[in-house]
Amino acid sequence: MAFAEHEVLIGRDAMTVYKFLVDGLNNSLWRRGIRSISLRSGHTGEKGAVYQQTLTGPGGRPIAADFQITEARPGAEVRFAVVAGPVRPTGGYYLSTEGPNTRVRFALELHPKGLQKLMNNMIQKTMEDEVIQLEQLKAVIEEQTPGA
C-alpha cells in the first residue's frame, strides 16, 4: 500500500477553506502539473461531481486523472476517488477549526495491483510530492481577501 499525508494551518475559517477545496476547478490554482480541468458531470462542490483532469505525466506526456467527489461534508471534509488514469488513488481533505484558523490534512492512499506493485516506490514518491503541495494551497487561500 502507498500512503502519504501532509497538514497545514491556514489563516482562514473552515467554511472558506472548504468552499475552495470542494470546487475541483480551484485545483489548478495550487497544484502543479495540471494541464486542464473541467466539471464533467454533477454539480460543482457536491458529492458525485466528476472532474475531468489532465496532468503532465512522465516525460511530459498528458495523462488522465479524472476524479469524483465521494464525500462532501461542509466545513469538515472533502473525499475523492480518481476514476480515470493509470493510477487511481483515493484521498481527502480533512478540516478542523483551531480558533480563527483551519488545520487541513491532505491524505492519499493507493492499494497497487498487478504491475503497479513493481512501481510502488515511484508511486509513493509521487503521492508524497502531491500532498506537500498543501503548502501552496495555504499561500493561495491566505492571499485572498477574507470573505471574498
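This briefing covers the fold, the largest pocket and four chosen residues of one protein chain. The model is predicted. The chain has 4 helices and 8 strands. Its largest pocket holds about 920 Å³ of space.

**Overall fold**

- Along the sequence, the elements run in the order β-α-α-β-β-β-β-β-β-β-α-α.
- The radius of gyration is 15 Å, and a compact globule of 148 residues would come out near 15 Å, so the chain agrees with that rule.
- Along its principal axes, the C-alpha trace spans about 45 × 30 × 25 Å.
- Buried residues account for 42% of the 148 residues.
- Take the contacts in the chain with a separation of 6 or more: 48% of them join residues 24 or more positions apart.
- The exposed area of the chain is about 7800 Å², and carbon and sulfur atoms supply 53% of that area.

**The largest pocket**

- About 920 Å³ of space lies in this pocket.
- The lining consists of 38 residues, and those closest to the pocket centre are L55, I63, A65, T126 and E130.
- Two helices and five strands are named as giving two or more residues to the lining: α1 (14–22), α3 (120–131), β3 (50–56), β4 (62–64), β5 (67–73), β6 (77–82) and β8 (101–110).
- Helix α3 gives the largest share of the lining, with 6 residues.
- Sorted by class, the lining has 24 nonpolar, 9 polar and 5 charged residues.

**I63, one of the residues closest to the pocket centre**

- I63 sits in strand β4, and is listed among the residues closest to the centre of the largest pocket.
- Its relative accessibility is 24%, so I63 counts as partly exposed; the buried class needs a value under 20%.
- Beyond its neighbours within four places in sequence, I63 contacts Q53, T54, L55 and G57.
- Q53 is 10 residues from I63 along the chain, and their C-alpha atoms are 8.5 Å apart.

**V50, in strand β3**

- V50 belongs to strand β3.
- V50 has 7% relative accessibility and therefore counts as buried.
- With neighbours within four places in sequence left aside, V50 is in contact with S38, L39, R40, S41, F67, Q68 and V83.
- V50 and A81 are 31 residues apart in sequence, and their C-alpha atoms are separated by 9.5 Å.

**E77, in strand β6**

- E77 is found in strand β6.
- At 9% relative accessibility, E77 falls in the buried class.
- E77 touches Y18, E71, A72, Y93 and Y94, once residues up to four places away in sequence are set aside.

**I141, in helix α4**

- I141 lies in helix α4, which covers residues 134–143.
- I141 is buried because its relative accessibility is 1%.
- Outside its neighbours within four places in sequence, I141 contacts I10, R12, V17 and F20.
- I141 and F3 are 138 residues apart along the chain, with 25 Å between their C-alpha atoms.

Terms used. Residues are numbered from 1 along each chain as its sequence is written. This is a predicted model: local features need pLDDT of at least 70, side-chain atom pairs count only at pLDDT 80 or more; totals for chains, interfaces and linings use all residues. Side-chain values use heavy atoms; hydrogens and water are left out. On a 1 Å grid over the protein atoms alone, a cavity is a set of points where a 1.4 Å probe fits but cannot get out, and a pocket is an open set with protein on both sides within 12 Å along at least five of seven lines; lining residues have an atom within 4 Å of a point. Grid points are joined across faces, edges and corners, and a volume is the space filled by probe spheres set on the points. Ala, Val, Leu, Ile, Met, Phe, Trp, Tyr, Cys and Pro count as nonpolar, Asp, Glu, Lys and Arg as charged, and the others, Gly among them, as polar. The radius of gyration is taken over C-alpha atoms; the globule rule is 2.2 Å times the number of residues to the power 0.38. Buried means under 20% relative accessible area, exposed over 50%, partly exposed in between (1.4 Å probe, protein chains only). Contact means heavy atoms within 4.5 Å. Accessible areas come from the Shrake-Rupley method with a 1.4 Å probe; for residues, only the protein chains shown count as cover.
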